[in-house]
Amino acid sequence: MGDLIDELMGILPGSKLDALRALRPDVRLATQASEVAIFEGESGLTRTERHAVARHVAELNKDAALAAHHRPKAGDSPRIPVLLAHATLLTKVPDQATPEAIRTLIAAGLAPRDVVMLSQLIAHVNYEARLLAGLRLLEAV
Amino acid sequence: MASTHDFGFTIDTLEWKAWAPILDLEKASPDQIKVLEESHPKAKTSPYYLLLVQEAEVLRQRSRLFNTIMYGPRGAPRADRELAATAESRVNGCPYCASVHAQRFVQMKGDKDIMQHLLDEGVDTPMPSRQRAIVDYAVKLGATPSAATAEDISKLRAEGLNDAEILDITLSIAMFANANRLMQTLGEAVRP
């Protein structure tokens with residue numbers, strides 16, 4: 001079974017990358033199951049908010065394919081600026097994070113569980129951007 | 001501005017303190033208990049896992065991913081996966097992640113002196129060419145994915161790594177782009 005990475009890369013059954021990825025089947029299964037849990041699970045964050053944050057993280061990582069995947073499902077909300085600012089902090093300068101950044105999220109109406117979901121989402125898209133970049137290099141050379 | 005780099009880097013065991021409310025184990029659902037048990041042997045007493053398990057299914061899948069990438073059989077030597085993880089943690093400034101994975105690197109027969117220099121002096125410290133190739137790739141792919149190039153892959157191949165092993169190193173770097181960001185932004189390292 002393929003995952004979002006296979007879909008975005010156009011990895012076809014029997015190809016070189018398919019054979020390499022087949023050596024770690026749990027990576028495919030858990031990457032796809034993470035997609036479902038993060039973007040379709042019940043959460044205080046709306047789905048359109050989650051996709052907007054994911055698109056932003058993909059753009060910060062300059063991954064056009066990943067950003068394009070999330071763009072049609074992304075939407076606006078009053079607290080989107082706060083969510084995107086947190087995504088920028090975690091993605092670009094995680095060493096600058098402080099408890100104050102979490103207090104800002106709580107003040108914007110996020111429950112502790114929503115803070116966990118937001119953090120996991122941002123971390124997950126950062127994972128995907130690096131896996132995609134590495135696979136593109138392995139495909140090309 | 002303060003940075004998590006300021007804490008310093010050590011191979012000694014550190015603790016971790018959460019910045020957000022964690023789950024009271026007494027109130028955990030049977031499914032949350034199961035996810036904790038699947039995640040890590042000490043998860044039920046770890047503030048990190050008790051924080052993350054508030055989104056149980058997300059943690060279940062993330063732990064499955066982490067465990068297969070770092071501990072899965074065959075493929076890249078585990079010391080190489082740990083080296084990549086520690087180098088990235090050093091650059092991103094995650095002292096907790098760096099200490100845990102520096103210890104694992106040594107347990108997996110990695111050279112302790114190389115690791116100590118990497119922690120003390122940073123990723124540019126001199127090291128043998130095989131480790132150099134892994135660390136350079138980890139630093140570039142970890143910082144900005146597009147910064148890694150075909151030349152980095154060529155250097156890894158020249159050191160005898162096959163593509164399955166390079167994919168394993170890539171997965172370790174990708175996983176620590178994830179792990180560093182959770183550890184650094186949901187709490188902080190503390191000395192026991």
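Me: In this predicted model, which residues of α4(A) meet which residues of α6(A)?

Reply: From α4(A), the participants are Glu49(A), Ala52(A), Val53(A), His56(A), Val57(A) and Leu60(A). They meet Ile80(A), Leu83(A), Leu84(A), Ala87(A), Thr88(A), Thr91(A) and Lys92(A) of α6(A). By class, the residues of this contact comprise eight nonpolar, three polar and two charged.

Me: How is the geometry of such a pair described, and what is the angle between α4 and α6 of chain A?

Reply: The description of two packed helices rests on the angle between their axes and the distance between those axes. Here helix α4 (residues 47-60) and helix α6 (residues 80-92) of chain A pack at about 35°, and their axes are 9 Å apart. The crossing of α4(A) and α6(A) is right-handed.

Me: Is Leu121(A) buried or exposed, and which residues is Leu121(A) in contact with, leaving aside neighbours within four places in sequence?

Reply: Burial is judged from relative accessibility, with under 20% as the cut-off. Leu121(A) has 0% relative accessibility and therefore counts as buried. Its position is in helix α8 (residues 112-140) of chain A. Leaving aside neighbours within four places in sequence, Leu121(A) is in contact with Ile38(A), Phe39(A), Arg50(A), Val53(A) and Ala54(A). Val53(A) also takes part in the contact of α4(A) with α6(A). Between Leu121(A) and Ser34(A), 87 residues apart in sequence, the C-alpha to C-alpha distance is 9.1 Å.

Me: Turning to chain B, why does Tyr48(B) count as buried, and where is Tyr48(B) found?

Reply: The same reading of accessibility applies: Tyr48(B) counts as buried because its relative accessibility is 5%, and the cut-off is under 20%. Tyr48(B) belongs to helix α2 (residues 47-52) of chain B. With neighbours within four places in sequence left aside, its contacts are Trp16(B), Arg62(B), Ala179(B), Leu182(B) and Met183(B). Tyr48(B) and Cys97(B), separated by 49 residues in sequence, lie 12 Å apart from C-alpha to C-alpha.

Me: What are the secondary structure and the radius of gyration of chain B?

Reply: Chain B contains nine helices and two strands, in the order β-α-α-α-α-α-α-α-α-α-β from the N terminus on. Its radius of gyration is 17 Å, which agrees with the value near 16 Å for a compact globule of 192 residues. Along the principal axes, the C-alpha atoms of chain B fill a box of roughly 55 × 35 × 30 Å.

Me: What percentage of the residues of chain B count as buried, and how much area does chain B expose?

Reply: Of its 192 residues, 59% count as buried. Chain B exposes about 7800 Å², with 53% supplied by carbon and sulfur atoms. Among contacts in chain B with a separation of 6 or more, 69% join residues 24 or more positions apart.

Technical notes:
Residues are numbered from 1 along each chain as its sequence is written. Chains are lettered from A and ligands numbered from 1 in the order in which they are written. This is a predicted model: local features need pLDDT of at least 70, side-chain atom pairs count only at pLDDT 80 or more; totals for chains, interfaces and linings use all residues. Side-chain values use heavy atoms; hydrogens and water are left out. Axes are lines fitted to C-alpha atoms, for helices over the stretch in contact, and angles run from 0 to 180 degrees between N-to-C directions. Helices (H or I, at least four residues) and strands (E, at least two) are DSSP runs, numbered from the N terminus. A crossing is left-handed if the near helix is turned anticlockwise from the far one by less than a right angle, and right-handed if clockwise. Contact means heavy atoms within 4.5 Å. Ala, Val, Leu, Ile, Met, Phe, Trp, Tyr, Cys and Pro count as nonpolar, Asp, Glu, Lys and Arg as charged, and the others, Gly among them, as polar. The radius of gyration is taken over C-alpha atoms; the globule rule is 2.2 Å times the number of residues to the power 0.38. Buried means under 20% relative accessible area, exposed over 50%, partly exposed in between (1.4 Å probe, protein chains only). Accessible areas come from the Shrake-Rupley method with a 1.4 Å probe; for residues, only the protein chains shown count as cover.
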